[in-house]
Amino acid sequence: MIEDLANYDAIIVGSPTRFGRLSSPIAGFLEQAGELLSRGILNGKVGGAFTSPTSPNGGQEAASMSIITNLLHFGMIVVGPPYSATTIADATGQRHPSALDLEVARQQGRLIAQTAEKLWGRGDSSAANLKPSAVRTRRH
């Protein structure tokens, strides 16, 4: 899975927040991606972050910045607002994004895709119109 990151021009990392931190599985994933650092595989790729706290004061800013710090360390170009898209999960961990949450996420995804298209010049120039089914995701 880690080696698959070499195939992408843009990578958006998301995590639930745990007391203002990343979840352990996402932190572990990013640590494993560190092996790509010495080979420069992620250098110059476009990146972004999003989070999902369980309360409005769930530490989404700190968790987003932690993801962004990792992306910058990998040599990636971070695009988007400083705190990125978020949606609040309920007490059972279920997310119910509002219309505004979804629009912010679409805007962030569109901006990241357009930036990757400009930098890498690959694809069909329809990055601004990505459909959810066109995006590969992995859940942790």
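Let me begin with a definition: I call a residue buried when its relative accessible area is under 20%, exposed when over 50%, and partly exposed in between, with a 1.4 Å probe and protein chains only. What you have in front of you is a predicted model, in which local features need pLDDT of at least 70 and side-chain atom pairs count only at pLDDT 80 or more, while totals for chains, interfaces and linings use all residues. Residues are numbered from 1 along each chain as its sequence is written, and side-chain values use heavy atoms, with hydrogens and water left out.

Let me take the overall arrangement before the details. The chain has three helices and five strands, where helices (H or I, at least four residues) and strands (E, at least two) are DSSP runs numbered from the N terminus, and along the sequence they follow the pattern β-β-α-β-α-β-β-α. Of the 140 residues, 32% count as buried. If contact is taken as heavy atoms within 4.5 Å, then among contacts with a separation of 6 or more, 71% come from residues 24 or more positions apart.

Now to helix H2, residues 60-73. Its 14 residues should span 20 Å at 1.5 Å a residue, and the end C-alpha atoms are indeed 20 Å apart, which agrees; the expected span here is 1.5 Å times one less than the number of residues. Which residues of H2 are buried? They are Gln-60, Ala-63, Ser-64, Ile-67, Ile-68 and Leu-71. Seen down the axis of H2, these buried residues fall within an arc of 135 degrees, so they line one face of the helix, the arc being that of the directions from the helix axis to the C-beta atoms. An α-helix has 3.6 residues a turn, so residues three or four places apart point the same way. The buried residues of H2 pack against E1, strand E2 (21-22), E3, strand E4 (77-78) and strand E5 (85-86). Just after H2, Gly-75 takes a positive phi of about 90 degrees.

Within strand E3, one residue deserves a word, namely Thr-51. At 1% relative accessibility, Thr-51 counts as buried, and, its neighbours within four places in sequence left aside, its contacts include Gln-60, Ala-63, Ser-64 and Ile-67, as well as Ser-15 and Thr-17.

Helix H1 can be described in a similar way. Its buried residues are Ile-26, Phe-29, Leu-30 and Ala-33, and, seen down the axis of H1, they fall within an arc of 95 degrees, so they line one face of the helix. On the other side of H1, Ser-24 and Glu-31 are exposed, whereas what covers the buried residues includes E1, E2 and H2.

That leaves the question of empty space: how many cavities of 30 Å³ or more does the structure hold? There is one, with about 50 Å³ of space in it. By a cavity I mean, on a 1 Å grid over the protein atoms alone, a set of points where a 1.4 Å probe fits but cannot get out, and lining residues have an atom within 4 Å of a point; points are joined across faces, edges and corners, and the volume is the space filled by probe spheres set on the points. H1 gives the most to the lining, with three residues, and among the lining residues are Phe-29, Leu-30, Ala-33, Leu-71 and Met-76. By class, the lining has 10 nonpolar, no polar and no charged residues, where Ala, Val, Leu, Ile, Met, Phe, Trp, Tyr, Cys and Pro count as nonpolar, Asp, Glu, Lys and Arg as charged, and the others, Gly among them, as polar.

Notes
On a 1 Å grid over the protein atoms alone, a cavity is a set of points where a 1.4 Å probe fits but cannot get out, and a pocket is an open set with protein on both sides within 12 Å along at least five of seven lines; lining residues have an atom within 4 Å of a point.
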